[in-house]
Amino acid sequence: MVIIVIKEKINEKNAGFNGIMYKNDSKDKIVLVFTGIDGGICYANKIAKFYAKNNIPALAIPYFNYKGTPKALIHIPIEYIINVVKYLRDLGYKKIGIDAFSKGTELALNVARITCLDFQILRAPSYFNAEGLDEKKVHANKGCWSYQGKELEYTKYEIDNFSVIKEFIKHKEYNILKLHQYERINDKSIIDTSNIYNPVLLLSSKNDKVWPAYNAALILDSKLSNSIHISFDHLSHFLLPESSFKLKLINKSERRLKKNCKIERRIMNNSIIKFINN
């Protein structure tokens, strides 16, 4: 089978947002991809390319720290993503899903409780809205998300003076788990999933060193009406389609357990394609 995929840059002037779309001649389905506190479009584009290689149309978009978007992760309007979903509906796509990673899973869940989606893939998820970050990635004392001009309730970070560098030296890898071990979650910040009926694939690792995504996935799996949870033992927080020099540099498991991670990543990728094509 010959796969023909066209790469197209989406312009803010014409569409109301910037993005990179991979499309073919099918309007059966498309995956909207965005990521986490990395901002920009780099990781989202890597995931979108993965879908393109599997002949699945995808659209990678940024929602902050990119031209035409806010510089900080503060009060990002949920409507921004809802409008992108509407744009794809207007293009004639029958099924529209979201693939979100890390911090982006908060945004995806908030979108799904407001507008209709056909499926979701949530990589290293969270189940509540956490505090926003300013341009220097410092705690902002403000929420990440807003809806209809109002800030969504959030849980504040409980550690003010946290050094990523010191933790990296101590653990010999990118490890910020300490930052995300909350004594109390603001009940009002927990995302309401009662209106989410679309199929959801939850992906987590028990080896996550960024936040307890495995526990978050268990909580979401117990609350969602139509979900599948696949967890891994060796992969890092960065549940991306491919490993890289950077991932090996900042994650012990990615560099020390390459074979295990390669096997788990293959299982993850195959599971995603099977989930979407069912």
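## Close-up views of a predicted model

The residues lining the second largest pocket divide into 12 nonpolar, four polar and two charged. That pocket belongs, like everything in these legends, to a predicted model. Let's begin there and work through the views one by one.

**View 1. The second largest pocket holds about 250 Å³ of space.** Of the 18 residues in its lining, Tyr-127, Phe-128, His-180, Tyr-182 and Pro-212 are the closest to the centre, so these five are good names to look for once you have the view in front of you. Which helix gives the most to this lining? Helix α6, made of residues 213–223, does, with four residues.

**View 2. The largest pocket has a volume of about 650 Å³.** Its lining is made up of 26 residues, and those nearest its centre are Ile-37, Lys-137, Val-164, Tyr-174 and Ile-176. Two elements, α2 (42–53) and α7 (245–250), each give two or more residues to the lining of this pocket. Sorted by class, the lining has 16 nonpolar residues, together with five polar and five charged ones. Keep Tyr-174 in mind, please: this residue is among those nearest the centre here, and the name comes back in the next view, in the lining of the largest cavity.

**View 3. One cavity of 30 Å³ or more is found in the structure.** The space inside the largest cavity comes to about 40 Å³. Which residues line this cavity? They are Glu-173, Tyr-174, Asn-207, Lys-209, Val-210, Ser-236, His-237, Asn-251 and Ser-253. By class, this lining has five polar residues, two nonpolar ones and two charged ones.

**View 4. Asn-207, one of the residues lining the largest cavity, lies in a loop.** The loop in question runs between β12 (200–205) and α6. Is Asn-207 buried or exposed? With a relative accessible area of 18%, Asn-207 is buried, because the cut-off for that class is under 20%. Along the chain, Asn-207 and His-234 are 27 residues apart, while their C-alpha atoms are separated by 5.7 Å.

**View 5. Asn-65 and Ala-124 both have a positive phi.** Most residues other than glycine have a negative phi, so a positive value invites a second look. For Asn-65, phi is near 60°, and this residue sits in the loop between β4 (58–60) and β5 (76–77). For Ala-124, phi is near 50°, and the loop that holds Ala-124 runs between β7 (119–123) and β8 (131–133). How exposed is each of them? Asn-65 has a relative accessible area of 41% and is partly exposed, whereas Ala-124, at 0%, is buried.

**View 6. Helices α3 and α4 cross at roughly 65°.** Helix α3 covers residues 78–90 and helix α4 covers residues 104–112, and their axes come within 9 Å. The angle makes α3 roughly perpendicular to α4, because that class takes in angles from 65 to 115 degrees. What is the handedness of the crossing of α3 and α4? This crossing is right-handed.

Notes
Residues are numbered from 1 along each chain as its sequence is written. This is a predicted model: local features need pLDDT of at least 70, side-chain atom pairs count only at pLDDT 80 or more; totals for chains, interfaces and linings use all residues. Side-chain values use heavy atoms; hydrogens and water are left out. On a 1 Å grid over the protein atoms alone, a cavity is a set of points where a 1.4 Å probe fits but cannot get out, and a pocket is an open set with protein on both sides within 12 Å along at least five of seven lines; lining residues have an atom within 4 Å of a point. Grid points are joined across faces, edges and corners, and a volume is the space filled by probe spheres set on the points. Ala, Val, Leu, Ile, Met, Phe, Trp, Tyr, Cys and Pro count as nonpolar, Asp, Glu, Lys and Arg as charged, and the others, Gly among them, as polar. Buried means under 20% relative accessible area, exposed over 50%, partly exposed in between (1.4 Å probe, protein chains only). Axes are lines fitted to C-alpha atoms, for helices over the stretch in contact, and angles run from 0 to 180 degrees between N-to-C directions. Angles under 35 degrees count as roughly parallel, over 145 as roughly antiparallel, 65 to 115 as roughly perpendicular and the rest as oblique. A crossing is left-handed if the near helix is turned anticlockwise from the far one by less than a right angle, and right-handed if clockwise.
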